[in-house]
Amino acid sequence: MTPFTYERAASPEAAAKAVAERPDAKFVAGGTNLVDLMKLGVEKPTHLVDVSRLKLGGIEETPEGGLKIGAQVKNSDLAADPMVRRRYPLLSRALLAGASGQLRNAASTGGNLLQRTRCPYFSNVAMPCNKRAPGSGCSALGGFNRNLAVLAASEACIATHPSDMAVAMAALDARVHTVTGAGEARTIPLADFYRAPGEDPRRETTLGHGELIAAVTLPPPPKGRQVYRKVRDRASYAFALVSVAAVVDGEGGEVRTSRLALGGVAHKPWRAVEAEKALTGARADGEAFAEAADAAMKDARGYGHNDFKIELAKRTIRRTLADAAGRAA
Amino acid sequence: MAVSASPIGQPLDRVDGRLKVTGRAPYAFEHRTPQPAAYGFILGATVAKGRITTIDSTAAEKAPGVLLVMTHRNAPKQAPFGPPTVPTNRFQRARPYLADDRVRHWGEPVALVVAETFEAARHAASLVEVSYAAEDKKIGLREHLSEAWAPPKIQVGLKTDTSIGDFEAAFASGEVTVDAEYHVAQQHHMALEPHASIASWEGDALTLVTATQVVSSARACVAATLEMPKEKVRIVSPYVGGGFGGKLGVRADALLSAFAARALGRPVKVAQTRQQIFYVAGHRAESIQRIRLSAGKDGRLTGVSHDVVMQNCPTEDYAEQTAAQTRSLYGAPSIRTTHRLVNLDMQGGEPVRAPGEAPGMLALESAIDELAVKLGMDPVELRILNDVQTDPEKKVPFSSRRFVECLREGARRFGWADRPMRPRQRREGSTLIGYGVSAAMRPNYINAATAHASVSPDRKATIRIDMTDIGTGTYTILTQVAAETLGLPTKDVTVLLGDSLYPQSPGAGGSWGAASSATATLEACRALKAKMDAANEPVALEATGSVKAMKDNPDYKNFAQYCFGAHFAEVAVDEDTGEIRLRRMLGVFSAGRILNAKTARSQLIGGMIWGVSSALFEEAANDARFGHVANGDLAEYHVAAHADVPNVDAVFLDDRDDKANPLGAKGIGELGICGAGGSIANAVFNATGVRARTFPITLDSVIA
Ligand SMILES: Cc1cc2nc3c(=O)[nH]c(=O)nc-3n(C[C@H](O)[C@H](O)[C@H](O)COP(=O)(O)OP(=O)(O)OC[C@H]3O[C@@H](n4cnc5c(N)ncnc54)[C@H](O)[C@@H]3O)c2cc1C
Ligand code: SF4
């Protein structure tokens, strides 16, 4: 672990400024991801700005009937919040499907959005990895890529974003509120928050250096039943091979609106817009769900070990849409 | 507990339980040192084979707090490792580290960096620049099968190949046959406590606090490596956080801390990180096993054949006893077994809980199920039909074999009668339900041990033996044996373990620990009790007692000594996603006299859970391009989590084996894992109709 200095920020603005001023500075919240990566020599900040004690906790209703979630709200508190459980059960279930009780007690909303990939070559500094060491190559191509992407990957990187919470937030049209290094407030729809790996997989979001996540807002919940389904190699404490967040308003046997987001398949929580389009106005039946699943995975491509995920994702989408619509698959 | 109640067998809580949960039972790394300790961090090689060309440690040496950078350039002189075959105990041979510029496998230590703090040492280690001349490496068992060779012997001195009857003829004329190849992945011990040591020197005498299963082996190995008398080495290992075979030998942490402490003249602590443990602690080598069975239409086996190929490293010849159970589990007029090794440029295989027996029985018990399916027979009945009371190969009776009772009792308790005979017959919505059964069998061993017992005038007894308690409950069972023999309450007995100052035991391994150390304790306490009874007034008294090794005990030649059991599992398989989840599992065991009902049950369910884990989750992904384990941490190398083992129970038949030892107790630590995974694989078949022959069974193989 590279030696570092440490400070506790007094305010969100001061925190943003402190990091913006030093290229090698980073925020730390729960530390459950950052500190691990520091020990492994993957992350090497020389200065840490602790944002965990900033007054960015709290879950409040917004005037338009949505929810504002402070960046420091712990994953376990967010999952247990009565408003979240009643109105956004998708989010609660996604959170509870992630990590372990101990980790969720420490993990923050902001940190969860920004957790790094679980690509096994990324976390091993002896391995070539474009995300960690640009230009060194991608060891996951031709390697063990069971937990890596099948959608919108690039030749430079096939990493996945590992968060469960972010998949639910993608389906719920969340917006991220930040404070920039210059002290300005900014709002970014989650759909525009993450970047595709492209040529330079180092950058994962559209945040600037020193830009602090202050809160996440959710619009009022979409109509319909919300279901989160996570498929993984063991029953708990494992990242998703594929996860599906679905909201279907299928009252009367016809899909009026739907939301579909996928985890474990792409560099970002993947909103399956094509599938949603295919579903709108369709009969809420197995055939329509199958078409939606095919549409969602139309451009998928496997890299060997993860080939099975394409079929797995389709099966899981069909099942989850059916469950959300209260129908047979 | 009242003196009158018989303490042996009681479900006594662990006598060290309070110390453990209050943090007062120190593990190796937590011991206090006479002077402040320095911290060592190991740097591992990042090639799988080759030579170190240069090491630049300038930056590391200048880093704050750094005291020493040790590499092959300045490591002390050590005895050579020697030829691959060891005539005696492989864990007592010299284990040189940093002895030359060669790299034999990925992660092999190439430097030790010592600093004032662990963090400073770790950081400085990242500043050491090592260049290598990499050489062509061999990784990948299947790719190198043509290089398989026959080792002179397999583990515990067993024959490499055996054959009775004419298997080929039996197979050719078999009315019903199975010919299947099974693959079991490389698996790792992953004890909760990482390998760790603290070395301190006083003059030419070394005290090494280390996490080890066998104190006397640790002592012998350190002395052999440093070419010093054993008497000058003291090993201290009072509490060990799991071993599973991974701590039978001492590792780089022990030896490197000893080198560095001597060089610096102060205590040095070295702990290995979880990631490092994938390269330096041994593993269960990957195996490819072919099993052929032939039977008559009535289900009677006419031939059994088991051919095993396993990974080995070029510097050792470690061949597990993978087909050894096949020689004795079922009766057939023809049985043949073979073991072969393929040398790869990786660390070698080493004993992992039930070495050979676990992967071998996973394959064998799957094959027996395949036969039952072909015969259209209940797999419980097929096993019962082929039970034997005389060891088919050794031609001696079993000292006790209640396999059939285990099967029948298990079937009754589990509700086996409800099992659908054909696959895919039971579903709950989109979930398929299946039942599976398998056998458990493990040899019973005993080894030479001596214990010292003493009593004070106020009738408080103390037992001393260099046995270790690796989390199994040794402190507790020895307390019970001593209390009962001396006629004292258990609270008045103190057991001291894990110190080479105490009389020698074989340590914890091979499931011989409890029987060996408990018998020595029994004998010491019997001798002491005689003295106590003879004394007219309360005085301080002491006595020692011993047990002989099995090679000197005719009951281990004239009888085949094994423990038996039967596993029953119910799994649920999601038809959409292929996810396999265990619902419940029951093991019924015949394992001699149970010394503590609670710790024994924990041992058995622990073994069963590992069986589930190796059937469904555990696989080290060896990346042939680099030679490293791609998923080398516990986030990606999956072991069963709590949610994976919701309902696992173990039941013992009331048992006592008078051929085993005066206590009638047998080794149980490895029995639970033997065959356990087979019941899972067979349940998956019963649920889905998919026969998995590659372990772990992952969801993609079910939906493929
Ligand atoms: C073994 C294990 C299993 C796990 N399993 C799962 C799982 O199944 N599903 C899942 O979703 N997650 C899982 N996780 C990941 C876990 O959810 C994340 O580690 C956690 O959410 C990160 O939150 P944190 O507050 O600890 O972030 P930190 O580690 O403190 O920070 C993470 C990153 O976010 C940045 N950051 C933190 N807060 C802010 C902010 N307010 N503004 C800007 N930047 C910020 C930091 O600089 C850092 O780069 C697992 C983690 C572990 C260790
Ligand atoms: S997939 Fe991305 S993170 Fe993984 S090795 Fe390739 S470049 Fe690195």
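**Exercise 1. Find the domains of chain B and describe where domain 1 meets domain 2.**

Step 1. Chain B is divided into domain 1 (17–26 + 447–548), domain 2 (31–135 + 191–280) and domain 3 (145–187 + 283–444 + 557–703); such bounds come from an automatic or database domain assignment. The model is predicted: local features need pLDDT of at least 70, side-chain atom pairs count only at pLDDT 80 or more, and totals for chains, interfaces and linings use all residues. Residues are numbered from 1 along each chain as its sequence is written, chains are lettered from A and ligands numbered from 1 in the order in which they are written, and side-chain values use heavy atoms, with hydrogens and water left out.

Step 2. Between the C-alpha centres of domain 1 and domain 2 of chain B there are 32 Å. Their contact (heavy atoms within 4.5 Å) takes 21 residues from domain 1 and 20 residues from domain 2.

Step 3. The two domains bury about 1500 Å² between them, with 52% given by carbon and sulfur atoms. Buried area is the accessible area (1.4 Å probe) that two parts lose on being put together, summed over both. On the side of domain 1, Pro26(B), Ile470(B) and Ser500(B) lose the most area to domain 2, together 36% of what that side buries.

Step 4. There is 1 salt bridge between these domains. A salt bridge is a side-chain nitrogen of Lys or Arg within 4 Å of a carboxyl oxygen of Asp or Glu.

**Exercise 2. Describe the interface of chain B and chain A.**

Step 1. Count the residues: 32 of chain B are in contact with 35 of chain A.

Step 2. Take the area: about 2800 Å² is buried between the chains, and carbon and sulfur atoms give 56% of this.

Step 3. List the salt bridges: the rule finds 4 between the chains. Arg146(A) and Asp700(B) form a salt bridge, with their closest N and O atoms 2.9 Å apart.

Step 4. Assign the chain B side to elements. Helix H3 (118–127), strand E24 (622–623) and helix H15 (699–703) of chain B each supply at least two residues of the side that touches chain A. The largest share, 3 residues, comes from H15(B). Helices (H or I, at least four residues) and strands (E, at least two) are DSSP runs, numbered from the N terminus.

Step 5. Sort this side by class: 12 nonpolar, 9 polar and 11 charged residues. Ala, Val, Leu, Ile, Met, Phe, Trp, Tyr, Cys and Pro count as nonpolar, Asp, Glu, Lys and Arg as charged, and the others, Gly among them, as polar.
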